[in-house]
Structure formats: C-alpha cells, structure tokens
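Okay, thanks for coming, everyone. Let me put the model up and we'll walk through it together.

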Amino acid sequence: MPEMTDSQAVADAAGTVPTPSAVTGGERAKARSLWSDALRDLSRKPMFYVSGLLILFLVFIALWPGAIASGNPLSCDLAKSQMGPTSGHPFGFDTQGCDVYTRTVYGARASVSVGIFSTIGVAVLGSLLGGLAGFFGGWWDAILSRISDVFFGIPILLGGVVFLSVVKGGTVTTVSVFIVLLGWPQIARIARGAVITAKQQDYVQAARALGASNTRMLLRHIAPNALAPIIVVATIALGTFISLEATLSFLGVGLKPPAVSWGIDISQASSEIRNAPHMLLWPAGALSITVLAFIMLGDAVRDALDPKLR
C-alpha cells in the first residue's frame, strides 16, 4: 500500500482532498475569509456599484457644494417668488425667491452629516453596550437588556418631537445626539447576539484556555467576527436616519432656518404644491434618491456578508 504524503494526511484529517498543485508543490491552499468572500461577492453586484457611485456623489456635494452650485442658498429675491425654471436656475425659485437648485445641493450637507454622525454614534454606543452585555452576561446583561427594552418602547419620531421641542436651537449636533440617544438599542441587540455566538466558538474557548485576557479576546477574537451584522444594520440605518432628520425638520422640530435642509424645503413647499410643484419635486426627489442609495448599499452588503444567502 503506497505511503501517504504529509499533505494527504492533513487533508484526510480535515475531510478534504488536496489539489494536485498543493501536493506536488507543497503549498497549502489558503482558506478565504468572510471578508474576502464578501468583497468578491460585492464586486459582482451592479447594485453595489450604482449605490456606491450615488453615495460618493452625495458625499462630494456635501463636502464641496460650491463645486456644482455657485449661488448662495440664503440669497433670495421676493420678486422671483415661485417662478419656474429659467436660464441659470434650472429648478426655479421657492416662495422666498431662493434658488431651488442651490438649496437642493446645499441641503445634502445637513442631511448627510446628520446621517453619518448619527450612524457612527449609534454604532459605537450600541456595539459597546451590546458587546459587553453579550460577553459578560449575568447582571450586566440583565440591566442593559431592560434599559434597551425601555428605549425600544419609545417611538423615535414621537420622542424626537418631545425632545427637540424642549431643546433650543435645531442644529446638526442636536439632531444627531437625539438620534444616538434613542437609536442605539437596535444595534445593541444585534451586537449582543453576535458576541454571544462568537464567544461560543472553539477558537475563543482555546484562547480562554491559554490564558488570554478578556480585553484580548474581545478585541482580537470576538470583535472582528461580530462586526458583519453590525455593519449591515448600520448601513441601512444611515438612510433611515437621513429620512428621520427630514421628517423632524418637516415637522419644525429638527433643523431650523437659517440651516438648509431638504426637510425644511419640503415643509415650506408642501402648502404650495398646486401652485409651484417644482418647489417640492427637487428636494423630495433628492431625499428619496439618497435614502434609496443607502438602502440598496445595505442590501448588497447584507447579501455579501450573510453566508446563508450564498
């Protein structure tokens, strides 16, 4: 009976058969990680490229709105109130005589800023609290779970109306802080479940047996393997937070003038939709495309990071 090579013995123990190149060349095939598989899958999805390009464009105009809109969004002329599109003003003018095109471009800055800042804050706070609850368990888990249940019971829109009505000065910081305060429980629950699943894996148990500290196990072994569901939820939530900011601004409790926001412009245009529909069309269209882009990106990332969907 012929003797087995080392590579064949390892393959038999693992239940796999080595390729000829691995046997003859002595090279071991590298196992692809979840992240490399996800990048490979994303590179094949047209939806990822479409949503990614839209988001890059939105970030660009949020950082440098003057690159495509040379006017001042606060410069208005009442003589041009509700006028339709004219030369140099393709979107027309609003009730105050402000250029709708310029305000639509500059409105991306406030909306995207609130979405990004809120998502970062929610992801950090929710991951930290949920991860610690899932890792340590016991009374820490019980307390944080009950606190998150209380916050889950507060409708975020109703809470925003109450909270922001009391706080003076509707700014990007104020709205973002409110969203973080009421938006963290969802990601906390996702992080808790992911950490509980990860800490039961063999490699974590091996690290614990070898004397690894809690900090090392959390940062080195558990966190990298619990990030996938958090990233998916945070990506989709970003679009949701942008629409939430627009809704609060529409109701008059979010961003307030002189801030330039799509929600503010939609609120001012809603009463004049019959006389000047262009005032509502462009900021509402920009908001819809932005939210759709982030939801499409979140769906693509979810499909790439979920092994069950492969």
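So, to start: what does the accessible surface of the protein come to, and how much of it belongs to carbon and sulfur atoms? It comes to about 17000 Å², and carbon and sulfur atoms hold 66% of that. Keep in mind that this is a predicted model.

On to the fold. You're looking at twelve helices and zero strands, so to speak an α after α after α from the N terminus on. Of the 310 residues in the protein, 40% are buried. And if you take the contacts with a separation of 6 or more, 69% of them are between residues 24 or more positions apart.

Now the sulfur chemistry. There's one disulfide in the structure, and the partners are C76 and C98, with their sulfur atoms 1.7 Å apart. The link of C76 and C98 is right-handed, with 70° about the S-S bond. What does the pair tie together? Both C76 and C98 lie in the loop between helix 4 (46-63) and helix 5 (100-136), so the link joins parts that are 22 residues apart in sequence. As for cover, C76 is partly exposed at a relative accessible area of 38%, whereas C98 is buried at 4%.

Next, have a look at helix 5, and at T104 in particular, which sits there. Is T104 buried or exposed? It's buried, because its relative accessible area is 9% and the cut-off for buried is under 20%. Which residues does T104 touch, leaving aside its neighbours within four places in sequence? Those are F91, W262, W282, P283 and A286.

Hold on to P283, since that residue is also part of the lining of the largest cavity. The structure holds one cavity of 30 Å³ or more, and the volume of the largest cavity is about 60 Å³. Lining it, along with P283, are D94, T95, V100, R103, D265, Q268, A269 and M279. Which elements give two or more residues to that lining? Helix 5, helix 11 (262-270) and helix 12 (278-305) do, and helix 11 provides the largest share, three residues. If you sort the lining by class, you get four nonpolar, two polar and three charged residues.

That's the tour. If you want to go back to one spot, I'd pick P283, which is in contact with T104 and lines the largest cavity. Okay, over to you.

Key: Residues numbered from 1 in each chain as written. Predicted model: local features only at pLDDT ≥ 70, side-chain atom pairs only at ≥ 80, totals over all residues. Heavy atoms only, no water. Helix = DSSP H or I, 4+ residues; strand = E, 2+ residues; numbered from the N terminus. Buried < 20%, exposed > 50% of the residue type's maximum accessible area, 1.4 Å probe, protein only. Contact = heavy atoms within 4.5 Å. Areas by Shrake-Rupley, 256 points an atom, 1.4 Å probe, with all protein chains shown as cover. Disulfide = S-S within 2.5 Å. 1 Å grid on protein atoms, 1.4 Å probe; cavity = no way out; pocket = protein on both sides within 12 Å on 5 of 7 lines; lining within 4 Å. Points joined across faces, edges and corners; volume = space filled by probe spheres on them. Nonpolar A, V, L, I, M, F, W, Y, C, P; charged D, E, K, R; others polar.
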